[in-house]
Amino acid sequence: MGTASVIPFGPQHPVLPEPLHLDLVVEDEVVLEAMPQIGFVHRGLERLVRSKDYNQFLYVAERICGICAFGHSMGYAETVERLMGIEIPQRADYLRTIWHEMSRIHSHILWLGLAADAFGFESLFMHCWRLRERVLDLFEKTTGGRVIFSVCKVGGVQRDISPSQMSEILAVLDGLRDEYSQLVKTFLGDSSVYSRTAGIGAIPHKDAVELSMVGPFGRASGVNYDVRMLGHGAYGDLADFQPVLSTDCDCYARMEVRCAEVLQSIDIIAELASKIPAGDIMVPVKGNPAVDAEACNVLEQPRGECYYYAKGNGSKYLDRMRMRTPTSQNLAGMTLALKGCDLADVNMIILTIDPCVSCTER
Amino acid sequence: MGYSSKSPWVIHYDASSCNGCDIEVLAALCPGFDVERFGIINTGDPKHADIFLVTGSVNERNIDIIKQIYDQMVEPKVVVACGICACSGGIFHDCYNVIGGVDKAIPVDVYAPGCAVRPEAIIDAVVQGIAVLDQKAEALKAMKKGA
Ligand code: SF4
């Protein structure tokens, strides 16, 4: 028996691009406890609603997180639309959903790359990021931005996707599907990957439900919940939507779920593209949110359910804007998964929750 | 050209950025832009790094960390502020918790604006940084000779 000692992990750590600090209490290379310390990315964005009006704040909302940037602008815009009782054109809804699903593809492939990096498979990491560039090219063609798009507005979207662009999107994603499936074969079939992920950091279904884990992290532990299955907006027009589930509960299962969700998103985009109605993409927005009007909204971000709340005060500034992000839900699961794991597996476990620190701390 | 400017190693730290610039920094290192073909390698160890890529508007908690990373890097060293947040605070400059710009904490040599900063801009900034690195190396040599 050794004596327990504390090892600091982060905030500057090669495995995570973001600053997350953990104090790991270890004894004989086994983690007894992990204590997260946060606050490295806290900027105080929610406070900005007081000095930026509800249209300007959209650009701040987009910059809550650069990976799910479009999701946040969409979630915020939908919340304000509910607050003011605005009905947006159906085409705008479809366009938003298409961009949002493309963001999910880019986010998941990005994550798969980082995961490959965490278990030391450098070339796989590079291949993932190579594929991801294609999705970013599509973003650039349709919106003008690679990371931050600024196409979503309260009342609709600012740009349309022309039929020729739409067919290009479908063609590129179709091409992506083949190459991506090759990568998935490595992720799910390679024995070195398997030995680093299978059986590591398992969270039983019961705990996952109790800790209200969301997103792919929860679904890998069999939590049958995905906001998309509620059928909001354009998702309601999908012929069928089943959340991707796994019951293995370990790091491997989380990888499996995300691998499958990319293909699911490609299918969703193809289906929406075939059904997209013609028409306007924006309705004019006039007036301000009413005094004490309240609205909330949920959205399935790449990392899980994100909840938005807004309150008006009669002026063009909102009284309050609040969001609860998937990672803040999942941190409890992460500390549980880290308990009793090997020090060498800490990287992998932290990564499989796909923490988004800048969303969480804002 | 010194050995370090032929193949500078970079270190990246996210000082309260929104991730947008971080993934662009990584994208610059990955296929597509691929600065690794020029021998520019991302390292996690400040002592191995020549160029410090900082993103984000730096909040109170991060000041000490970037100072620490900066102090741990060996001379000559260059700091590149990536993204408008790192240059001036950008959209977050009136948030209560940010100091608004990396240059308020450590000396910055090259500024790469953009929101998010484009990988091309990062590459451009790193190339400019290499020239600064050379100058600093020369100055260091001259100082040693003089001493
Ligand atoms: S410059 Fe823009 S993309 Fe970069 S960290 Fe700041 S807000 Fe994010």
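Leaving aside its neighbours within four places in sequence, which residues is A:S265 in contact with? I'll start there and then move through the rest of the structure. Please keep in mind that this is a predicted model.

A:S265 sits in helix α9 of chain A, which covers residues 251-275. Beyond its sequence neighbours, this serine touches A:E101, A:R104, A:I105 and A:R228. Its relative accessible area is 0%, and since buried means under 20%, A:S265 is buried.

Next, a helix pair in chain A. Helix α2 runs over residues 69-84 and helix α3 over residues 90-118; their axes come within 9 Å and cross at roughly 150°. How are the two arranged, then, roughly parallel or roughly antiparallel to each other? An angle over 145 degrees counts as roughly antiparallel, and therefore α2(A) and α3(A) are roughly antiparallel. The crossing of α2(A) past α3(A) is left-handed.

On the α2(A) side, the contact is made by A:F70, A:G71, A:M74, A:A77, A:E78 and A:E81. On the α3(A) side, the residues are A:D93, A:R96, A:T97, A:W99, A:H100 and A:S103. As for the general background, an α-helix has 3.6 residues a turn, so residues three or four places apart point the same way. By class, the contact residues of this pair divide into four nonpolar, four polar and four charged.

Now the ligand. Which chains do the residues surrounding the ligand come from? They come from chains A and B, so the site is shared between chains. Chain A is represented in the shell by A:R63. From chain B the list is B:S17, B:C18, B:G20, B:C21, B:I84, B:C85, B:F92, B:G114, B:C115 and B:A116. Two elements of chain B give two or more residues to this shell: α2, residues 20-29, and α4, residues 84-88. Sorted by class, the shell has seven nonpolar, three polar and one charged residues.

Let me stay with α2 of chain B for a moment. How many residues of α2(B) are buried? The count is 10 of the 10, so the helix is largely enclosed by the rest of the structure. Among these buried residues are B:G20 and B:C21, which also appear in the ligand shell. Others on the buried list include B:D22 and B:E24.

The loop between β1, residues 9-14, and α2 of chain B holds B:N19. B:N19 has a positive phi of about 85°, although it is not a glycine. At 2% relative accessibility, B:N19 counts as buried.

Chain A has a positive phi to mention as well. A:S212, a residue other than glycine, has phi near 40°. A:S212 lies in the loop between α7 (205-210) and α8 (215-219) of chain A. Its relative accessibility is 38%, and A:S212 counts as partly exposed.

Last, the cis peptide bonds in chain B. One joins B:C115 and B:A116, with omega about -10°. Both of these residues are in the ligand shell, and B:A116 is in the loop between β5 (110-112) and α5 (119-146). Another cis peptide bond joins B:E75 and B:P76, again with omega about -10°. Where is B:P76 found? That proline is in the loop between α3 (60-72) and β4 (78-82) of chain B.

Methods:
Residues numbered from 1 in each chain as written. Chains lettered and ligands numbered in written order. Predicted model: local features only at pLDDT ≥ 70, side-chain atom pairs only at ≥ 80, totals over all residues. Heavy atoms only, no water. Axes fitted to C-alpha atoms, helices over the stretch in contact; angles between N-to-C directions. Helix = DSSP H or I, 4+ residues; strand = E, 2+ residues; numbered from the N terminus. Parallel < 35°, antiparallel > 145°, perpendicular 65-115°, else oblique. Left-handed = near helix turned anticlockwise from the far one by under 90°. Contact = heavy atoms within 4.5 Å. Nonpolar A, V, L, I, M, F, W, Y, C, P; charged D, E, K, R; others polar. Near = heavy atom within 4 Å. Buried < 20%, exposed > 50% of the residue type's maximum accessible area, 1.4 Å probe, protein only.
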